[in-house]
Amino acid sequence: MVDDNRRGDDERGPGAAYQMFVVMEDLLDKLKLLDYEEEVLAKHNMKALSRHYFASSAYMPSNPGEQFFMFTIIASWLINAAGRPFEQPQEYDDPNATVSNILSQLRAFGGLVDFPPSKLKAGSGEHVCYVLDRLAEEALKERVFSWRRPNYPTEEMEEESVMEDDAELTLSKVEEEMTEEPDDCEEENVMDLEALKSRTNQSEARLSSKPDNILESNMDAAEWNLEVERVLPQLKVTIRTDHKDWRIHVDQMHQHQDGIKSSLKEAKGYLDKLQEEIGKTLEKVGSREKYINNQLEHLIQNYRSAQSKLSEARECYQQGSGGVTERTRVLAEITEELEKVKQEMEEKGSSMSDGAPVVKIKQSLTKLKQEIVQMDIRIGVVEHTLLQAKLKEKSNMTRDMHATNIPEPAIGAY
């Protein structure tokens, strides 16, 4: 997983790992525009967020529980500020349900969610900054806020129009700097150049008016030395350095170069000494390693032979386990067939020992005998009826025959 993240960062660029710090700073500005100090921090009695509160780094202290709770509070407030009702999560709510609800609201706003929800449970990181920044944008849209171009203050032009050479320090520039208000500590020790110029002009005028005679001083040398010591602090002239002057930069570069050279000499001595100590230590370690290898050579040989035997035993075990597996499979098939045969035998034995079919046969025979008796009775009745019919027909025939055989005289007597 770490390799995949590193590979993704390499594809995006070397600065992708620090993009969340920029997003966090933009998010903090947006939260201040939304007045989160009054609506969130003051309401929940929380401290103000730092510039990189939700940005995760190995060099920054982190508190996942506190950061996740702050994330849920701010996210719910931003969703409500964006015009969608969202219940504020509590401290003991299920974090998975809370994160899924926040992501569903983000998808409803049209935000792209191409990362697992577990990324937000840490309470910090790139995805947390992205979710809050996206919700803050929706809240600003709801409040009809639009970014405007910054208005830069116009700088007043200097009184001097054009300088011949800014790098050259002219006397006029020195005079202008000296006429400015210096510090209280320097005012006592700085001499006015205008007064100095006026004194030199007066002295030159005096010299030009006097005749060309040899001037002799009547002042005592001791008093002259005292006067020089008294006036000496006032003769100090300080010139303010211009930081834009390239000569100052060159001097600073030379100073830094000299400092680097001196530090390099000192550090080089320490590094050379450290290199020698490391080399000696490495030699000692190498010699000790050779001694240990020589002392443990027979143990290493035994270990190698044991390793070879172990590999052979593992191969034999694998072969034997393969045969055992095959035989176990065959045994399972045979056992299954044996179970089927036992089941068939049990079914046949139960059918043979069961007397229900015999009882059914006897019942059928009894019923059949009853039906035969009934049929015999019906046959007897039918035979009797036929015999009656035949006898009646025979009696009718005999009567008819007797009627046809009556004599004719007997008929005439009537």
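This passage describes the helices, the main nonpolar core and selected packing contacts of a predicted model.

The protein chain comprises 414 residues, of which 17% count as buried. Its secondary structure consists of 14 helices and zero strands. Read from the N terminus, the order of elements is accordingly written α-α-α-α-α-α-α-α-α-α-α-α-α-α. Among the contacts in the protein chain with a separation of 6 or more, 65% join residues that stand 24 or more positions apart.

In soluble globular proteins, nonpolar side chains tend to be buried together. In the present model, the largest nonpolar core contains 40 residues, and the residues with the most contacts inside this core are Phe54, Phe71 and Leu78. At least two core residues are supplied by each of the helices α2 (19-33), α3 (36-44), α4 (64-81), α5 (95-108) and α6 (126-142). The greatest share comes from α4, which gives ten residues to this core. The surroundings of Phe71 illustrate how the core is connected. When neighbours within four places in sequence are left aside, Phe71 is in contact with Phe54, Ile102, Leu120, Val128, Val131 and Leu132.

Two packed helices are described by the angle between their axes and the distance between the axes. Two helix pairs were examined in these terms. For α3 and α4, the packing angle is about 135° and the axes lie 11 Å apart. The helix α3 is therefore oblique to α4, the limit above which a pair would count as roughly antiparallel being 145 degrees. The crossing of α3 with α4 is right-handed. On the α3 side the contact involves Tyr36, Glu39, Val40 and His44, and these residues meet Ile73, Ile74 and Trp77 of α4. Sorted by class, the contact of α3 with α4 includes five nonpolar residues, one polar residue and one charged residue.

The second pair is formed by α5 and α6, whose axes come within 11 Å and cross at roughly 50°. This angle makes α5 oblique to α6, since a pair counts as roughly parallel under 35 degrees and as roughly perpendicular from 65 to 115. The crossing of α5 and α6 is left-handed. Here Ile102, Leu103 and Leu106 are the contributions of α5, while Tyr130, Val131, Arg134 and Leu135 are those of α6. The residues of the contact of α5 with α6 comprise six nonpolar, no polar and one charged. Two residues of this contact, Ile102 of α5 and Val131 of α6, also appear among the contacts of Phe71.

The loop between α5 and α6 contains Gly111. The relative accessible area of Gly111 is 12%, and Gly111 therefore counts as buried, the cut-off being under 20%. Apart from neighbours within four places in sequence, Gly111 is in contact with Leu106, Tyr130 and Arg134. Each of these three residues also takes part in the contact between α5 and α6. The C-alpha atom of Gly111 is separated by 8.4 Å from that of Val131, although the two residues are 20 residues apart along the chain.

A charged residue of α6 was also considered. Asp133 lies in helix α6 and has a relative accessibility of 13%, so that Asp133 likewise counts as buried. With residues up to four places away in sequence not counted, Asp133 touches Val23, Leu27 and Lys30.

Notes: Residues numbered from 1 in each chain as written. Predicted model: local features only at pLDDT ≥ 70, side-chain atom pairs only at ≥ 80, totals over all residues. Heavy atoms only, no water. Core = buried A, V, L, I, M, F, W, Y, C linked by side-chain atoms within 4.5 Å. Buried < 20%, exposed > 50% of the residue type's maximum accessible area, 1.4 Å probe, protein only. Helix = DSSP H or I, 4+ residues; strand = E, 2+ residues; numbered from the N terminus. Contact = heavy atoms within 4.5 Å. Axes fitted to C-alpha atoms, helices over the stretch in contact; angles between N-to-C directions. Left-handed = near helix turned anticlockwise from the far one by under 90°. Nonpolar A, V, L, I, M, F, W, Y, C, P; charged D, E, K, R; others polar.
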